[in-house]
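Open the model in your viewer and keep the selection box ready. We will go stop by stop.

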Amino acid sequence: MVTQSMTLPASLHVPPALAEQLFSHLFPGDGDEHGAVIGATVVETQRGTRFLARRLYLAKDGVDYVPGKRGYRMLTAAFIRDRIKDCEREGLAYFAVHCHGGTDHVDFSRDDLASHERGYPALLDNLEHHPVGGLVFARNAAAGDIWLQDGRRIELDTTVFHGGHRRVLQSAPAPRPAADPTYDRQSRLFGDRGQAVLADQKVGIIGVGGAGSLINEYLARLGVGHLVVVDPDRVEISNVPRVVGSRRRDALPWLTKSGRPRLLRRLGQRLATPKVDIARRVARQANPDIKFDAIRSDVTLDTVAASLTDCDYVFLAADSMQARLVVNALVHQYLIPAVQVGAKVQLDQTGSVTEVFSVVRPLTPGVSCLWCNELIKPNKLQEEALTPEQRRQQRYVDDVDVHAPSVITLNAVAAAHAVDNYLMSTVSLVPEGYVERWMRFHPTAPEVRDRAIYEVPRSDQNCSECGTGGRLGAGASRRLPTRITSTS
Ligand SMILES: [Zn+2]
Ligand SMILES: [Zn+2]
């Protein structure tokens, strides 16, 4: 079933905790070979097949991983049988893992390949619907020999170890691409390889109002190759001071300005330029070759959320609890890193400013979670699910979203830090051991040192969203918390 339509290239994605366990097991410093099994969810996308590491089984040296009859070491038949059963039960692909010496290059030995040829046809029979394969790691390289149910045999292209310090491993370093003079100045910081990585990226932006429109501009100018931009709204005249690339005439002020008959104003609002179209205009000006998907809809709809499941990264710049719920689930379920950005000006009852801040909250699969940090409020979720009419009846005067104070510089602080963070980890300029922190910037609070507060977010192992027993790495085996798109 799943394997019939399997697309290339194939990549393996590993959440941070699992990556750490695997690495310390394979490379304890003794220079010897060690073994393990990874059970992985299979996600088919138009950009290739993504294997999401969901279970890790470490083979005990001398018990499960023993001297081989033909090769150097091997997993015991009993260990393999039990792991195949585990994978079958959970609907996962089975990958036998071992390590070799060396650093930046790795490949299977002749003995390794011979053992795959002897063993994998039978394993494919036992694991009825999913691929089986072998993975071999060096400290800084990974290769995979994957056998599909339809008889094909494919190579693993990349392995991504997620985390603050994200690592992308291949069997050998990628060849140096040709330099593009357009990006000469930034290539001097992250190299032509870094620039090529950006050109290969698919990045989602949810919401292209104040912060999102800046993020769109930054990513397009940096040379990110493919943007998916989601926003249901059309531009209004009061957005123009913040939405990058918007023009006064996009908001049709001659129809929508106050004093015009209600009918004309409504018509103007319905004909004003969609924010995603403005974002596309800005992106194309920066990079005419950019692939740009403009989705004038809501990320909380299942079809829209599904179009993000093959992104390399997602920026959440829409401030609704439902959007937070969906993007947070996407991060953990599909192992796609993201960041939530926002800026807020809080007023008290009398209308005086009580607080002004910008926030940047990087979301790392299995590590940082909006749910665990109580940033998804169940009562707000319920409130958002009501129709405007119901909301009026229940006297929610929380229409502050429309009239809340908002300023371009507050958005710019959040957007710049968020994109900076994405950029540095994508082009591998983040130091090893880096722990991702959440940031709050307070431009008017004298008691806040350097105007910034950093915190390491909480995460609960038992969380249904980010925990190993929950969505983490579950892929399409679970439903995202979305609404079903009606076809009418
Ligand atoms: Zn080997
Ligand atoms: Zn959580």
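Start with the two domains: their centres, taken over C-alpha atoms, are 33 Å apart. This is a predicted model, where local features need pLDDT of at least 70, side-chain atom pairs count only at pLDDT 80 or more, and totals for chains, interfaces and linings use all residues. Residues are numbered from 1 along each chain as its sequence is written, while chains are lettered from A and ligands numbered from 1 in the order in which they are written.

Select 2–169 for domain 1, then 182–233 + 274–477 for domain 2; such bounds come from an automatic or database domain assignment. Now show their contact (C-beta atoms, placed from the backbone, within 7 Å). Domain 1 gives 19 residues and domain 2 gives 24 residues. On the domain 1 side, pick helix 1 (16–26), strand 2 (35–45) and strand 3 (48–58), the elements that give two or more residues. Helices (H or I, at least four residues) and strands (E, at least two) are DSSP runs, numbered from the N terminus. Strand 3 gives the most to this side, with 4 residues.

Next, the sheet. 8 strands form an open sheet, ordered 13-12-11-14-15-16-17-18, with mixed pairing; strands pair if DSSP finds at least two bridges between them. Strand 13 and strand 18 (452–455) are the edges. Select 313–316 and 338–347: strand 14 and strand 15 run parallel, joined by 3 bridges. V314 stands opposite A338.

Last stop: helix 8, residues 275–286. What covers its buried residues (20 or more other C-beta atoms, placed from the backbone, within 10 Å of their own)? The cover includes helix 5 (210–222), strand 12 (226–230) and strand 13 (291–295).

Note on methods
Contact = placed C-beta atoms within 7 Å.
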